[in-house]
Amino acid sequence: MFLDCSRLIVDNQPRLSNGIAVTDVDGDGAFELVVTGYGTNNLILKWDDGRLVDIASPLLADAAGCTVAITAADVDGDGREELYVLNSDCASGPKEMGDRLFACFGKHWIDLLAQPENAGMANRVAGRSVVAMDRHGHGRYGFVVAADGGPFRLFELSRRGRLEDAAEDAGIDLIAAGRGLVCLPFLSDRMDLFACNEGGPNFLFRNLGDGNFEEIAEERGVADSRFAGRAVATLDTDGGAFDLLVGTWEGPQRLFRQRSGGGFVDEATGEMSMPGRVSTVIAADFDNDGYEELFFNLHGEPNRLFGWRHDEWQPIELGDALEPKGNGTGAVVADIDGDGRLELLVAHGGGAAQPLSLYRTAATSNGWVRVLPLTPYGAPARGAVVSCTAGGRRQRRAICGGSGYLCQMEPVAHFGLGPLHAVEQIEVRWPDGTIAIIDNPPAGRVLTVPYPPE
Ligand SMILES: [Ca+2]
Ligand SMILES: [Ca+2]
Ligand SMILES: [Ca+2]
Ligand SMILES: [Ca+2]
């Protein structure tokens, strides 16, 4: 499936990296790839004249940081995404190094957590993933931090412009060895939260509609207490509700399909469920055939790929992305070069420095359409759900607020159309329930969908 094109990354040295986020850092409308550095600089890779070039300023590069995850979302409603930078200088419990929350004013970035009014908000507990959550559906996001050895946190901006931790108020301040997170409306009409736990049961937080949550993992069948949950992605396998792809560290891999009653049942095939050191999972339509592939990024073992072929999940040859000795830590998809096919960027780390790797897929004649919904403030509407009907068949995607493990994909719904080159309808549903419908949109391009006017 994949062809190595890592040569397109300028000065691609061996490094310790963890998560990757995809967001527009420099405000030019195109997305950059933000790569964490552990004991080394963070990178902001910009697609420029056919190459990926690092444009990180010293502040954002934060060369002294021990960065595990970076996540973007518009916290203050100015249409620009802020960056939450999770540092962890230890594996669990109290840590020395605080986190950063970078916000851009004009061309000038500052760390909101370093401002005097936010002095009490420093995060001093180790953690892994961060995910964007708009729990009220009003277009302003908070950041959920999956702590390890302390309660989960939810950083939001108060009306007075100060950061506050709303985790207790929301009812998500549970203690775990937190790992991968996803946040999207998949149980209710608002953004719900699933959290992998490496040291006990996973959490499934259902949004009660008022920004408060109830934890229902056990009753819905996704607690999976015996295994070390690490990575999670969502996909809609059957045109019903969203399902959960969960990767574990040395345990069985899970494809939890959500049934009509709301319970989940594991439908991973024998080969798919094979134990392994899974770092990241991604569901994406790499070959634009209209069906998402499932990519498992493993640490120190060959990666795995499954595709929906002839009405069943089958292993697919990875090609160059097999990486039998890759110490995979994080991976993201984005259409970096704007040709309508997704690229895959893989980060490595966890004790052994390795360069980043970048993959493309071979050209096909398959059709595609890409949808970028915006919040009322004009930022990417992470957590919105996009449906695409083509040839009478409906596909659905959620705009990523954070997924895999430590990572955040591009905030675009990418649909392959197979042999079709026309779309009957696109539907966008925002996290407040607002719906926009676009009939017969053009295929083969990116459709930006603003929040509907009142
Ligand atoms: Ca940009
Ligand atoms: Ca903002
Ligand atoms: Ca596919
Ligand atoms: Ca591409």
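**Asp-74 and Glu-82, both buried, are among the donors of the calcium ion (ligand 2).** This is a predicted model, where local features need pLDDT of at least 70, side-chain atom pairs count only at pLDDT 80 or more, and totals for chains, interfaces and linings use all residues; side-chain values use heavy atoms, leaving out hydrogens and water. Residues are numbered from 1 along each chain as its sequence is written, while chains are lettered from A and ligands numbered from 1 in the order in which they are written. Buried means under 20% relative accessible area, exposed over 50%, and partly exposed in between (1.4 Å probe, protein chains only). The ion is held by Asp-74 (OD), Asp-76 (OD), Asp-78 (OD), Arg-80 (O), Glu-82 (OE) and Glu-82 (OE), at 2.2 to 2.5 Å. Donors are N, O and S atoms within 2.8 Å of the metal (3.2 Å for Na, K and Ca); water is not among the atoms, so sites may look incomplete. Along the chain, the spacing is D-x1-D-x1-D-x1-R-x1-E. The six donor atoms subtend angles of 54 to 175 degrees, so the arrangement is irregular. Irregular means anything outside these limits: four donors are tetrahedral if all angles lie between 85 and 135 degrees; four are square planar and six octahedral if opposite donors are over 155 degrees apart and all others between 65 and 115.

**Asp-24, Asp-26, Asp-28, Ala-30 and Glu-32 coordinate the calcium ion (ligand 1).** Ala-30 gives its O atom, and Glu-32 is listed twice, each time through OE. Distances run from 2.2 to 2.5 Å. The sequence spacing is D-x1-D-x1-D-x1-A-x1-E. Angles of 55 to 171 degrees among the six donor atoms go with an irregular site. Asp-28 counts as partly exposed because its relative accessibility is 46%. Ala-30 is also partly exposed, at 36%.

**Asp-285 and Tyr-291 are among the donors of the calcium ion (ligand 3).** The others are Asp-287 (OD), Asp-289 (OD) and Glu-293, with two OE entries. Donors lie 2.1 to 2.7 Å from the ion. They follow D-x1-D-x1-D-x1-Y-x1-E in sequence. Six donor atoms subtend 53 to 176 degrees, so this arrangement is irregular. Asp-285 is buried, at 1% relative accessibility. Tyr-291 is partly exposed, at 31%.

**Strand 27 (residues 343-348) is largely enclosed by the rest of the structure, because six of its six residues are buried.** Strands here are DSSP runs (E, at least two residues), numbered from the N terminus, as are helices (H or I, at least four). In a regular strand, side chains alternate between the two faces of the sheet. Glu-343, Leu-345 and Ala-347 point one way from strand 27; Leu-344, Val-346 and His-348 point the other. Strands pair if DSSP finds at least two bridges between them. Strand 26 (residues 328-334) pairs with strand 27 in the antiparallel sense over six bridges. There, Gly-330 partners Ala-347. Strand 28 (residues 357-361) is joined to strand 27 by three bridges, again antiparallel. Val-346 stands opposite Ser-357.

**The second largest cavity has a volume of about 40 Å³.** A cavity is a set of points on a 1 Å grid over the protein atoms alone where a 1.4 Å probe fits but cannot get out; lining residues have an atom within 4 Å of a point. Volume is the space filled by probe spheres set on the points, which are joined across faces, edges and corners. The lining includes Val-34, Asn-42 and Phe-102.

Key
1 Å grid on protein atoms, 1.4 Å probe; cavity = no way out; pocket = protein on both sides within 12 Å on 5 of 7 lines; lining within 4 Å.
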